[in-house]
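This report describes two buried positions and one helix pair. The sequence and structure are shown first.

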Amino acid sequence: MCASDSMFLTVITQYSNKFARLFGKSSGATGKLKVIFHDFPGGAEGFELMLKFSYNNGTADISPSNLFLACCAAEYMEMKEPVADVSNLLEQTEKSLQEISYWTWSDLLIGLKQCQSLLVPDSSVMVERCLDTIVGRLVLASEASPCPSTSSTDSSWVRYSCDSKSTESVKTSFSRLTWWFEDLLFLSPLLVAMLVKLMLSRKMDHVVISKFLLYYQKAKFSTATTHEKCKIIEMVIDMHYDMDLSCVPCKTLFGILRVTLGLNISKCSRNKLETMIGSQLDHATLDNLLVPSPYGISYLYDVNLILRFLKAFLRRGNGLVTPIRKVASLIDLYIAEIAPDPCLKTSKFLALATAIPDSARDSYDELYHAMDMYLEVHTQLSQEERLKICCGLNFEKLSPQACLHLSQNKKFPSKFAVQALISQQSKLKNLLHMTPSTSSYNDSPCNSSGAAQKGKKNKTSEQVVLYSSNFDISTDNEKLEAHLQGMQWRVMELEKFCRKMQIQMAKITKSKASGHSYAKSLPKLCS
């Protein structure tokens, strides 16, 4: 810019303190002066707007289409002081900005686009004012009518549907709450984050906000670079983290997770996502958990990810029984799904099996079958590794069928077969002892008789049945009698074989002989 034109200097310096300071220092200089602004807001367009204001004696046609540009230019050129009782450019723009609440919806969008294009610190306050006005309109629309629809580009900011038919579908009603999604797709991730924070502070429906974020992510991904995709999905995660998670379905969170699999997002955002999923793990399905392992990991599914989910779930610590039992059942299904993977390490399998507290499982049958499958595939495991895996079982919570299967299972160490039989014996004994008694019984557990009660004509013969006198069996309970007799005989058989096994194990200990599995000699204990 040439500074030799005295008329120009006189005009421009009376409105701009920055120009007055620059040319005031060079008043004694000769020749031509040149001033170059490399970071002028809005470039040539903003500079031209500032010059028009100065040459028109402090008047300018300020509208929503150029208000933010004029405001940034005035701030940059320090056009604050009034000239000849005429408000300077900055004061005029601030006065116009106070009327933003009367702008149409399309004017707000135009102004917001201009703010975003300026990319200067001075525009942040104006952006907030514009975003706050937009959110206010959306809140008012949602409160005033359940069916807001899109506005025209040149009329009022929102129109209302008068359709009050009771048969209107929920889908149609919801679509009318999301009419503004498409209008705000031009926003950068930074401005979307600012917008969502304002929405949350205004108590907007979190379900609608979540839908908008997912809509924005899907629309922007089609043309975004890898770096841009990372920034977008990080913003989506961070905003969901600030929401009420009861409004965000678990399926939505797993959908976001799958989007992140091929992206190198920040560790902070990834931790937030895993924490959110972990807190809702009781709502997940098996398909949700089958996430492929990251590149470079040999096993098929990402076991470490599931362990982190479990850690987040258990850290929640709400003490409710139902959710943790749901998670226990889900994890057992997951373990059974990954057990056939030949690359799955023993440490990972055991970490999953023992991550759930014992109290969360009513039965260990599913876990036992998963262990059986794992041992069948991983035949190369050492005896020590097999012992570690089997230690994850609670024999007290195995069904009789599972105990009998384990006692004959050659893939499990022999001592666990004995332990399963002892556990089964103990459970049956306790069951019989806990049955209500209506008559006295003999001291000897193996020599009780079924004597007939007084007043009855017929007497039954003696039976060698364990604890039979504990039960008052009537003619209406023949099925119960048969069932209990079968259980009593099973206890007797278990006692015999357990004594035999204990004797044999003692002999083995003395002779220090190992490798012979006594599970082979166990006969079937029930028909």
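Helices (H or I, at least four residues) and strands (E, at least two) are DSSP runs, numbered from the N terminus. The model is predicted, so local features need pLDDT of at least 70 and side-chain atom pairs count only at pLDDT 80 or more, while totals for chains, interfaces and linings use all residues. Residues are numbered from 1 along each chain as its sequence is written, and side-chain values use heavy atoms, with hydrogens and water left out.

Two residues are listed below; buried means under 20% relative accessible area, exposed over 50%, and partly exposed in between (1.4 Å probe, protein chains only).

| Residue | Helix | Relative accessible area |
|---|---|---|
| Isoleucine 232 | α11 (residues 226-241) | 3%, buried |
| Threonine 252 | α12 (residues 250-260) | 17%, buried |

Contact means heavy atoms within 4.5 Å. Beyond its neighbours within four places in sequence, isoleucine 232 contacts Pro189, Tyr216, Gln217, Lys220, Phe221 and Ala224. The C-alpha atoms of isoleucine 232 and proline 189 are separated by 5.7 Å, although the two residues lie 43 residues apart along the chain. Threonine 252 touches Ser210 and Leu214, residues up to four places away in sequence not being counted.

The axes of helix α16 (residues 321-338) and helix α18 (residues 365-377) come within 8 Å and cross at roughly 15°. Axes are lines fitted to C-alpha atoms, for helices over the stretch in contact, and angles run from 0 to 180 degrees between N-to-C directions. Helix α16 is therefore roughly parallel to α18, a term for angles under 35 degrees (over 145 is roughly antiparallel, 65 to 115 roughly perpendicular, the rest oblique). Asp332, Ile335 and Ala336 of α16 meet Glu366, Leu367, Ala370 and Met373 of α18.
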